[in-house]
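Here are my notes on the model, set out as numbered points. Please read them with the sequence and structure open.

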Amino acid sequence: ATASSDSTPVAQRRQLEEWHAATALPYKDLNTLTQRFKTFSRGGALSRDQFRKVIVAVMPSISNDFADRLFRAFDVNVDHKLSFNEIINGLQRLLKGNSEQKLKLLFDIYDGDGDGSISPYELLVMASLQTDADGNEDMYEKILMVKHVMDVMDLNRDGQINWMEFKAAFKNQHMLLECFQNMSDCDEIVLFPQIPRQRRFDWNKLNTLLRYGRTKHSWGDEMDRQQMRIRLQD
């Protein structure tokens, strides 16, 4: 499809062409996105709840939780609202960014509270969105996965994963990248097309592979599993 239309002003067509080049989104989706933005925005920007109603136009399977994570990742000036340019820039990083831009976006998505680091609890919340290869909810295996990921990635042993640790870990850990990309409940988000997209994950296999990268770091040995289950249900 093209942006050409006798009823579309020249300036608007050019703008659509620029957005299409930046994001690779179809013109139809871009038109829908702009219409929804005009409908729901207040003062030229969207709140978090308004963003949920707009982003579903291009990501129909996105959940409210994941839309909120994208909202925080797209909100680069941290003013708790999104302009249309911020949405386009965010979609550009998501859909057409280079490897480091996409990796940083993935980090921001996992950093649920936006404090610049990923906690074990934030990892577990994301893992809770996935069923295992047999369609079961095996929380114990997911807790083990979080423990192993922390052992591999938390290089300074402060109980958090910062951006530099996150970036460094993926240089030699293809399985980690597969794990992080697949712990998404939105089918339209495929940051790294070369990584297989799975809706069900083999947690046993993942934990077996991650054990090879373990150290003697003892994070998680005394985790109260029942308490974690309760927190996840809140």
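1. Which element gives the largest share of the lining of the largest pocket? Helix α4 does, with 3 residues. The model is a predicted one, and the remaining points should be read with that in mind.

2. The space in the largest pocket comes to about 380 Å³. Its lining is made up of 14 residues, and those closest to the centre are Arg72, Ala73, Asp75, Val78 and Gly114. Two or more lining residues come from each of α4, which spans 64–74, and α6, which spans 99–110.

3. On the chemistry of that lining, 8 of the residues are charged, 4 are nonpolar and 2 are polar. Arg72 and Asp75, both among the residues closest to the pocket centre, belong to the charged class. Ala73 and Val78, also in that closest group, are classed as nonpolar, whereas Gly114 is classed as polar.

4. The largest nonpolar core holds 51 residues. Phe51, Leu91, Leu123, Met153, Phe166 and Phe180 are the members that touch the most others. Helix α8, residues 139–153, is the element that gives the most to this core, contributing 8 residues.

5. Two backbone angles deserve a look. Most residues other than glycine have a negative phi. Alanine 24, however, has a positive phi, near 65 degrees. This alanine sits in the loop that links α1 (10–23) to α2 (27–40). Alanine 24 counts as partly exposed because its relative accessibility is 47%, and the partly exposed class runs between 20% and 50%.

6. The second case is arginine 157, whose phi is also positive, near 55 degrees. Arginine 157 is found in the loop between α8 and β3. With a relative accessible area of 31%, arginine 157 is therefore partly exposed.

7. Confidence is uneven. Mean pLDDT for the protein is 76, and 66% of the residues reach 70 or more. Among the elements, strand β3 (residues 161–162) has the highest mean pLDDT, 96, and helix α12 (residues 225–233) has the lowest, 42.

8. What does the model show for residues 212–234? Over this stretch pLDDT stays under 50, and the model has 31 contacts for it beyond four places in sequence. Where pLDDT is low, predicted coordinates should not be read in detail. Any figure that draws on residues 212–234 should carry a remark that pLDDT is under 50 there.

Technical notes
Residues numbered from 1 in each chain as written. Predicted model: local features only at pLDDT ≥ 70, side-chain atom pairs only at ≥ 80, totals over all residues. Heavy atoms only, no water. 1 Å grid on protein atoms, 1.4 Å probe; cavity = no way out; pocket = protein on both sides within 12 Å on 5 of 7 lines; lining within 4 Å. Points joined across faces, edges and corners; volume = space filled by probe spheres on them. Helix = DSSP H or I, 4+ residues; strand = E, 2+ residues; numbered from the N terminus. pLDDT = per-residue confidence, 0-100. Contact = heavy atoms within 4.5 Å. Core = buried A, V, L, I, M, F, W, Y, C linked by side-chain atoms within 4.5 Å. Buried < 20%, exposed > 50% of the residue type's maximum accessible area, 1.4 Å probe, protein only.
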